[in-house]
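The following paragraphs lead through a protein chain, beginning with its loops and ending with its helices and domains. Please keep the sequence and the model in view while reading.

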Amino acid sequence: MPKAVVCRELGPPESLRLETFASAPLSPGQVRVAVRAAGINFPDVLMAAGEYQLKPPLPFTPGVEAAGDVVEVNDAKGVAVGDKVIVKMRHGAYCDEAVATPSQLVSLPKNFDYAEGATFLAGHGTAYHALIDRGQLRPGEVLLVHGAGGGVGLAAVEIGKMLGATVIATASSDEKLEIARARGADHLIRYDREPFRDAVKRITDGRGADVVFDPVGGEVFENSMRCISWGARLLIIGFTGGIGLAKTNLLMIKGASVLGVRAGEAVRKNPALGEVRIKALLEWAEAGKIRPNISHRLPLEDFARAMRLLIDRKAIGRVALTMG
């Protein structure tokens, strides 16, 4: 019988359980996917704890992205048995069998394995939406990427460099920064060796960053306001380090903008945005220009340890669960 990670009570990863379930028959327009890998994302952790903006009714299975093979089709157009696909979900990816509709499926890039497919669209889609739709990053600008050792941070480094920006990456260890350098970062800053606001001013000869990509929040966001250029755009991706306060005097003096980034919600409001984004990401992936960095691949039953790698910031890039 297929297996899934189930959240029956809100709490830490260790409160989740691996359970078997009966395969449901497909309704017309649905497909069945044998899931080969699922990506771990920080919203999964928050959702299981009841701390995310989306609060599915209990019980539910976490996970917003998976990849696998189509094994059954019931009158679903454009999909065939044997197709290798990425599956986009609001939740439900931590399983070895999923039911989906064609609108949730994206072809797996030919040069990606399943784990890379399952850790691609959430991180790189967020970075794309942030830098292109929201931040309107231009060639020659300075992009400051916080949390550059994480999955979405590394995606921002890759895409920012590809768009022609000078990329400054910050992270908590030399190992994370070396991966960021390999993905295109021009300058590296370790948080614990020099205040990053001073380092950014030094690197830019006092001018500051044009775009700040911030999945960390808290003090990192607050200090970012002190190393920005005129007309800077501060992109709020998340708040793994706490919720920061925007000092309006600093923003006014620099003519700066603070922009919230919700890549998934933006597509639900305007589906055309998603079509453009996915087309570009798939083209770049197949051309070898972007690729997830997966530091850990763990079997489905090790879901709690996999989620802990994100919580404890031990992952470099992405973590994937693998099935079979």
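P59 lies in the loop between α1 (42-48) and β4 (65-74), where helices (H or I, at least four residues) and strands (E, at least two) are DSSP runs, numbered from the N terminus. The peptide bond that leads from L58 to P59 is cis, with omega near -10°. This is a predicted model, in which local features need pLDDT of at least 70 and side-chain atom pairs count only at pLDDT 80 or more, while totals for chains, interfaces and linings use all residues. Residues are numbered from 1 along each chain as its sequence is written, and side-chain values use heavy atoms, with hydrogens and water left out.

A second loop, between β4 and β5 (84-88), holds D75. Phi of D75 is near 55°, a positive value in a residue other than glycine. Most residues other than glycine have a negative phi, and most peptide bonds are trans.

D75 also appears among the contacts of G29, a residue placed in the loop between β2 (17-20) and β3 (30-40). Contact here means heavy atoms within 4.5 Å. With neighbours within four places in sequence left aside, G29 touches N74, D75, A76, A100, T101 and P102. G29 and V73 are 44 residues apart in sequence, yet their C-alpha atoms are 7.8 Å apart in space.

Attention now turns to the helices. Helix α3 (residues 121-134) packs against helix α10 (residues 271-286) at an angle of about 115°, with the axes 10 Å apart. Axes are lines fitted to C-alpha atoms, for helices over the stretch in contact, and angles run from 0 to 180 degrees between N-to-C directions. Angles under 35 degrees count as roughly parallel, over 145 as roughly antiparallel, 65 to 115 as roughly perpendicular and the rest as oblique. α3 and α10 are therefore roughly perpendicular to each other. On the α3 side the contact is made by L121, H124, G125, Y128, H129, I132 and D133, and on the α10 side by L273, V276, R277, A280, L281 and W284.

α3 also packs against helix α4 (residues 151-162), at an angle of about 55° and with the axes 8 Å apart. These two helices, α3 and α4, are therefore oblique to each other. Here G123, H124, T126, A127, Y128 and L131 of α3 meet V152, A155, A156, E158, I159 and G160 of α4.

At the level of the whole chain, the domain assignment gives domain 1 (3-119 + 294-322) and domain 2 (123-264); such bounds come from an automatic or database domain assignment. The C-alpha centres of domain 1 and domain 2 lie 29 Å apart. In the contact between them, seven residues belong to domain 1 and 11 residues to domain 2. Domain 1 and domain 2 bury about 840 Å² between them, 55% of it on carbon and sulfur atoms. Buried area is the accessible area (1.4 Å probe) that two parts lose on being put together, summed over both. Of the area that domain 1 buries against domain 2, Q53, R313 and I316 supply 56%, more than any other three residues.
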